[in-house]
Amino acid sequence: MKTPSVDLFTHEECLAHDTPPGHPERPARLTAVLKRLESDGLLDELCTRTPAPASKQALAGAHDPRYIKAVERASPQRGIVRVEQDTTMSAGSWAAARLATGAALEAVERVLDGASQRAFCAVRPPGHHAETAAPMGFCLFNSVAVAALAALQRVPRVAVLDFDVHHGNGTVEMLMEHPEALVCSSFQYPFYPGRLQDVQRPNIVNTPLPAGAGSAAFRAAIERDWLPALERHQPALILVSAGFDAHKDDPLAQMELEDDDYRWITAAIVDAARRHSAGRVVSTLEGGYDLAALGRCAALHVAGLLE
Ligand SMILES: [Zn+2]
């Protein structure tokens, strides 16, 4: 089989989103991912691209314009300000958040244009907890939801698959009224964020798993819940909220996945994309807070996208 063309979107200004000392969502996460992609020899196989920041107009495709302005106004000249219980902004955050969303938007454009087949966005801050008009859980703009709604301007149906250990409450909130967007989220339960995880809609597939679930329960749940939903939905594009905090080494959660589970889930996603979506996958980095596990598992994910 011919190797697919895979874009890697990243930007050094995503490192300039500073968080307070001891905060788990720190610049070193992105460095760990990029270093591991390099040491695994993956950078040579990827087309590295520098995104432009998402415009306010593009963000308003999914976010409340008043919220976008409020984020811009909250952006400090120096120091770090808290905008929500767990979410802060530094001088570099406004640009970093728009670059993270801009990466997902450009990745979708290129994949739908046929310029590439798949993409991984190595960016931060993450996005899947951000709601239409609220920051939450380290997230300012919901890159995957903005990209999904932009994609729906061009294709009839999309799917968002979220394997971060935390429920993608923001993505559910922003897409639940859009039946043409399927959202599947696996998450530790009961656990943070504790919002919108009981939503009953045909296009929302919530897959709760108990602390300590481990590989076998995770894989069985994905096979039971996600794969039939994808079969029914027939998305023209699969977007991925790629969080690596369900790993057993992660300090924030207890789902106890192994490195190989990230190889497995990526292969399952690529297989579904080949069957339903002409192979098209756009993945963006969400959580993952043990630097070594994050680097290894992100590299396994990217290697899977290259299959
Ligand atoms: Zn997470």
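**Exercise 1. How do the residues of the lining of the largest pocket divide into nonpolar, polar and charged?**

Solution. This is a predicted model. Start with the pocket itself: its volume is about 160 Å³. Next, look at its wall. The largest pocket is lined by 15 residues, and H129, F138, H166, Y192 and L252 are the closest to its centre. Now sort the lining by type. Six residues are nonpolar, five are polar and four are charged.

**Exercise 2. Find the residues that touch the most other members of the largest nonpolar core.**

Solution. The largest nonpolar core holds 96 residues. Within it, F163 and L239 touch the most other members. Then ask where the core comes from. Helix α4 (residues 93-113) gives the largest share, eleven residues. Finally, list the partners of L239, leaving aside neighbours within four places in sequence. They are V108, V144, A147, A148, V158, A159, V160, L161 and V282.

**Exercise 3. Check the span of helix α8 (residues 259-276), then describe its surroundings.**

Solution. Step one is the length. Helix α8 has 18 residues, and at 1.5 Å a residue it should span 26 Å. The C-alpha atoms at its ends are 26 Å apart, so the two values agree.

Step two is burial. The buried residues of α8 are D261, Y262, W264, I265, T266, A268, I269, V270, A272, A273 and H276.

Step three is the cover. Elements over these buried residues include the strands β5 (118-122), β6 (158-162), β9 (237-242) and β10 (281-285). The helices α7 (214-233) and α9 (291-305) are also among them.

Step four is what follows the helix. After α8 comes A278, with a positive phi near 55 degrees.

**Exercise 4. Is S241 buried or exposed?**

Solution. First, place the residue: S241 sits in strand β9. Its relative accessible area is 0%. Buried means under 20%, so S241 is buried. Now find its partners. Leaving aside neighbours within four places in sequence, S241 is in contact with H128, V144, L161, D162, F163, D164, T284 and E286. Take F163 from that list. It lies 78 residues from S241 along the chain, yet their C-alpha atoms are separated by 6.5 Å.

**Exercise 5. Where is S90 placed, and what is it in contact with?**

Solution. S90 is in the loop between β4 (87-89) and α4. Its relative accessibility is 4%, so S90 counts as buried. Leave aside neighbours within four places in sequence. S90 is then in contact with A16, H17, D18, S75, P76, G79 and I80.

How values were computed:
Residues are numbered from 1 along each chain as its sequence is written. This is a predicted model: local features need pLDDT of at least 70, side-chain atom pairs count only at pLDDT 80 or more; totals for chains, interfaces and linings use all residues. Side-chain values use heavy atoms; hydrogens and water are left out. On a 1 Å grid over the protein atoms alone, a cavity is a set of points where a 1.4 Å probe fits but cannot get out, and a pocket is an open set with protein on both sides within 12 Å along at least five of seven lines; lining residues have an atom within 4 Å of a point. Grid points are joined across faces, edges and corners, and a volume is the space filled by probe spheres set on the points. Ala, Val, Leu, Ile, Met, Phe, Trp, Tyr, Cys and Pro count as nonpolar, Asp, Glu, Lys and Arg as charged, and the others, Gly among them, as polar. A nonpolar core is a set of buried Ala, Val, Leu, Ile, Met, Phe, Trp, Tyr and Cys residues joined through side-chain atoms within 4.5 Å. Buried means under 20% relative accessible area, exposed over 50%, partly exposed in between (1.4 Å probe, protein chains only). Helices (H or I, at least four residues) and strands (E, at least two) are DSSP runs, numbered from the N terminus. Contact means heavy atoms within 4.5 Å. The expected span of a helix is 1.5 Å times one less than its number of residues.
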